[in-house]
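User: I would like to learn how to read helix packing and backbone angles in a model like this one. Could you take me through it feature by feature?

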Amino acid sequence: MGENAITMNKKNIQFLLIWMLVTACTSNAQMTVTPIIAPSQISAPTDTPIPTVAATPIPTDFIPPAELITSGDWLRPNVALTFDVCQDPQYPAGYDSALVDVLTRYDIPATFFLGGDWMRTHPEETKALASNPKFELDNHSWSHPDFTQLSDEEIAQQIEMTEELLLQITGRHSRFFRPPFGFYNDLTLKSVSQHGLYTVTWDSISGDPDPNFDAATIFAEVKRTVRNGSIVIMHANGRGWHTAEALPAIIEYLQARGYTLVTVSQLLEIK
Ligand SMILES: [Zn+2]
């Protein structure tokens with residue numbers, strides 16, 4: 001009975017976490033609770049000409065292992081703060097400039113997983129992220145679909161269109177791919193690796209897409225789940241409701257505990 005209760009509880013928690021990630025990049029209308037404080041300084045999509053993007057195969061002679069990476073070395077006190085910046089094209093998201101300001105003020109390396117459709121509607125914000133040499137920009141698919149439901153061709157299109165636009169706007173390519181919602185299968189891993197990218201999710205969940213999570217709760221969740229080598233997931237698309245507010249405490253706590261904040265490349269020692 002006790003064990004069953006614990007198993008059920010774990011399942012419920014897993015369901016809750018998946019629900020939070022699903023809502024992070026989709027409609028606010030799905031949420032029944034209105035946040036008390038809206039994220040500060042969320043910009044609307046930039047009013048600039050929208051580039052046309054075709055799927056272009058990425059020239060690569062490097063094929064990384066077709067494996068999922070959830071963290072770095074557990075023996076080294078490094079932590080990577082990562083921020084998903086995604087949107088479902090039907091539900092445009094924003095840009096949490098207050099959060100980026102905190103990272104810049106603390107001079108902290110960070111990794112942003114950018115959605116292609118988000119970059120399409122936010123080219124100026126994409127450039128702003130690219131202008132900080134401590135920020136790493138990576139691929140988070142084009143339109144945020146569930147990759148377990150896609151064909152090989154559809155996966156290739158999602159990855160290649162996003163890479164193409166990232167290159168157009170910033171002149172850079174990604175090293176890492178984060179599957180939307182963290183959903184993946186063998187085909188996802190194989191296709192991502194054939195594009196020369198590593199598949200990276202997380203092992204420390206801030207829970208920031210939950211409007212009921214205030215800054216103290218986000219901070220407490222990071223404190224509870226972070227350890228050596230952790231990859232922490234947060235959101236910078238305005239769907240992390242109190243992320244910017246929680247971030248100074250998170251950064252100061254991690255640094256006081258002796259963690260070095262690094263990019264995902266640095267965490268995984270991938271040049
Ligand atoms: Zn996302």
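Analyst: What follows goes from the whole chain to one helix, then to helix pairs and single residues. Please keep in mind that this is a predicted model.

User: How many helices and strands are there in the protein chain, and what percentage of its residues count as buried?

Analyst: The protein chain contains 9 helices and 9 strands, and 47% of its 271 residues count as buried. Among contacts with a separation of 6 or more, 84% join residues 24 or more positions apart.

User: Which residues have the most contacts inside the largest nonpolar core?

Analyst: As a general idea, nonpolar side chains in soluble globular proteins tend to be buried together. Here the largest nonpolar core has 61 residues, and those with the most contacts inside it are Ala 80, Leu 81, Val 85, Phe 112, Leu 114 and Val 232. Taking Phe 112 as an example, and leaving aside neighbours within four places in sequence, its contacts are Phe 83, Val 85, Leu 129, Phe 135, Leu 137, Asp 138 and Ala 236.

User: How should I read a single helix, and which residues of α5 are buried?

Analyst: The general idea is that an α-helix has 3.6 residues a turn, so residues three or four places apart point the same way. Helix α5, residues 152-170, has 19 residues and reaches 27 Å from its first C-alpha to its last, close to the 27 Å expected at 1.5 Å a residue. Its buried residues are Ile 155, Gln 158, Ile 159, Glu 160, Met 161, Thr 162, Glu 163, Glu 164, Leu 165, Leu 166 and Ile 169. These buried residues pack against several elements, including β3 (110-114), α3 (116-121), β4 (135-139) and α6 (186-194). Just after α5, Gly 171 takes a positive phi of about 75 degrees.

User: At what angle do the axes of α5 and α6 cross, and which residues meet there?

Analyst: The two axes come within 10 Å and cross at roughly 50 degrees, and α5 and α6 are therefore oblique to each other. The crossing in which α5 passes α6 is right-handed. On the α5 side Asp 152, Ile 155, Ala 156 and Ile 159 meet Leu 187, Thr 188, Ser 191 and Val 192 of α6.

User: What is the angle between α2 and α8?

Analyst: Helix α2 (residues 97-106) and α8 pack at an angle of about 20 degrees, with their axes 8 Å apart. That makes α2 roughly parallel to α8, and the crossing of the two is right-handed. The contact is made by Ala 98, Leu 99, Val 102 and Tyr 106 of α2 with Thr 243, Ala 244, Leu 247, Pro 248 and Ile 251 of α8.

User: Is Leu 254 buried or exposed, and what does Leu 254 touch?

Analyst: Leu 254 lies in helix α8, residues 243-256, and is buried, with 21 other C-beta atoms within 10 Å. Not counting residues up to four places away in sequence, Leu 254 touches Val 79, Val 226, Tyr 259 and Leu 261.

User: Which phi value does Phe 181 have, and is Glu 269 buried or exposed?

Analyst: Phe 181 has a positive phi of about 65 degrees although it is not a glycine, and its place is in the loop between β5 and α6. With 22 C-beta neighbours inside 10 Å, Phe 181 counts as buried. Glu 269, also not a glycine, has a positive phi near 55 degrees and sits in the segment after α9 (264-268). Glu 269 counts as exposed, with 11 C-beta neighbours inside 10 Å.

Terms used
Residues are numbered from 1 along each chain as its sequence is written. This is a predicted model: local features need pLDDT of at least 70, side-chain atom pairs count only at pLDDT 80 or more; totals for chains, interfaces and linings use all residues. Helices (H or I, at least four residues) and strands (E, at least two) are DSSP runs, numbered from the N terminus. The expected span of a helix is 1.5 Å times one less than its number of residues. A residue is buried if 20 or more other C-beta atoms lie within 10 Å of its own, exposed if 12 or fewer, and partly exposed in between; C-beta atoms are placed from the backbone. Two residues are in contact if their C-beta atoms, placed from the backbone, lie within 7 Å. A nonpolar core is a set of buried Ala, Val, Leu, Ile, Met, Phe, Trp, Tyr and Cys residues joined through C-beta atoms within 7 Å. Axes are lines fitted to C-alpha atoms, for helices over the stretch in contact, and angles run from 0 to 180 degrees between N-to-C directions. Angles under 35 degrees count as roughly parallel, over 145 as roughly antiparallel, 65 to 115 as roughly perpendicular and the rest as oblique. A crossing is left-handed if the near helix is turned anticlockwise from the far one by less than a right angle, and right-handed if clockwise.
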